[in-house]
Amino acid sequence: KCRQVSSFLQSSGISTYYHQETLYNQTVIKNIISMLHIKAQTEKADHGFLRLLMREIPNHHLIDFTKKYSLDKTELSLIEYSLLANSGVNKVAQAIINSINRAKGDGILDIVWSIIKSSQFYKNTGETYSMKKKMIWQSLNQFRRVVYNYCLNYDADDLNKFIDFIDIQCEVNDEPLEPLSELAEIPAVRVMTVHSAKGMEFKHV
């Protein structure tokens, strides 16, 4: 609805912007969650691993590989199968798993931060100071605050319980991504839902 309203106003010559992103829809956050599943060896580890493979391997090669995995009817997990593969998938798999294995810590906070550092999520984000890069930084910072608040209120050492909590948050997906301060400075009409506007103080509505 916001997109439609924004498009209508723009067609009438009125500059607009709206922000309707959610934290758990961000690619970098999905990647971190996938890594956590692999780290904890949950039942979703293979699913998370496949997601990470998709970032590195051309789609047609990955389709051929997963078909072969299915036809082999092996008892190995997809992760184990990939690590033993005689193909380019093996090198990619090794790099992914080695990055996750380097992530160490005494508690959830340390593990999450270690994953972020070992994967260089703050660095591998495209052009310097681009809006896309700032959005990734914003997502990472907000997710780290979620982790911090969780550890203050719940068991800060049980990674599996934290992953269960995050999975529920992903399903609900109602955690809005905090807008960049640069967006607020755009000279335009800000379009948002009533729910998103809760607590805001605008001079004109």
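Reader: Where do Lys68 and Asp72 lie, and how many residues apart are they?

Author: Both residues belong to helix α4, which covers residues 59–72, and they are four residues apart, about one turn of the helix. Please keep in mind throughout that this is a predicted model.

Reader: OK, and what does Lys68 form with Asp72?

Author: Lys68 and Asp72 form a salt bridge, in which the closest N and O atoms are 3.3 Å apart. Lys68 counts as partly exposed because its relative accessibility is 47%, and Asp72 also falls into the partly exposed class, at 39% relative accessibility.

Reader: How many salt bridges does the count come to?

Author: The count comes to three salt bridges. One of them joins the side chains of Lys44 and Asp167, with an N to O distance of 3.6 Å. This pair links distant parts of the chain, since Lys44 sits in the loop between α2 and α3 while Asp167 is in helix α9 (residues 159–172), and 123 residues separate them.

Reader: Is Asp167 buried or exposed?

Author: Asp167 is buried, because its relative accessible area is 13% and the cut-off for buried is under 20%. Its partner Lys44 is partly exposed, with a relative accessible area of 36%.

Reader: And Glu178, which residue does its side chain meet in a salt bridge?

Author: The side chain of Glu178 meets that of Arg145, at 2.7 Å from N to O. Glu178 is in the loop between α9 and α10 (181–184) and Arg145 is in helix α8, so this salt bridge ties together parts of the chain that lie 33 residues apart in sequence. Glu178 is partly exposed at 35% relative accessibility, and Arg145 is likewise partly exposed, with a relative accessible area of 38%.

Reader: Switching to the surface, which residues form the negative patch?

Author: The negative surface patch consists of Asp106, Asp110, Asp155 and Asp157. Among them, Asp110 is part of helix α7, which spans residues 108–118, and it counts as partly exposed because its relative accessibility is 40%.

Reader: Any odd backbone angles? What is phi of Gln41, say?

Author: Phi of Gln41 is near 55°, which is a positive value in a residue other than glycine. For context, most residues other than glycine have a negative phi. Gln41 is in the loop between α2 (27–40) and α3 (45–56), and it counts as exposed because its relative accessibility is 70%.

Reader: What about Gln120, where does that one lie?

Author: Gln120 is in the loop between α7 and α8 (131–153). Although it is not a glycine, Gln120 has a positive phi of about 55°, and with 37% relative accessibility it is classed as partly exposed.

Reader: Which residues does Ser99 touch, leaving out those up to four places away in sequence?

Author: With those sequence neighbours set aside, Ser99 touches Ser118 and Ser119. Ser99 itself is in helix α6, residues 88–101, and it is buried, given a relative accessible area of 8%.

Reader: Finally the whole thing: how many helices and strands does the protein have?

Author: The protein has 10 helices and two strands, and from the N terminus on the order is α-β-α-α-α-α-α-α-α-α-α-β. Of its 205 residues, 38% are buried. The protein exposes about 13,200 Å², of which carbon and sulfur atoms supply 52%. Among contacts between residues at least 6 apart in sequence, 63% join residues at least 24 apart.

How values were computed: Residues numbered from 1 in each chain as written. Predicted model: local features only at pLDDT ≥ 70, side-chain atom pairs only at ≥ 80, totals over all residues. Heavy atoms only, no water. Patch = residues over 30% accessible without salt bridge, like charges linked within 9 Å, V, L, I, M, F, W, Y side chains within 5 Å. Areas by Shrake-Rupley, 256 points an atom, 1.4 Å probe, with all protein chains shown as cover. Salt bridge = Lys/Arg side-chain N within 4 Å of Asp/Glu carboxyl O. Lys, Arg positive; Asp, Glu negative; His and termini not counted. Charge placed at Lys NZ, Arg CZ, Asp CG, Glu CD. Buried < 20%, exposed > 50% of the residue type's maximum accessible area, 1.4 Å probe, protein only. Contact = heavy atoms within 4.5 Å.
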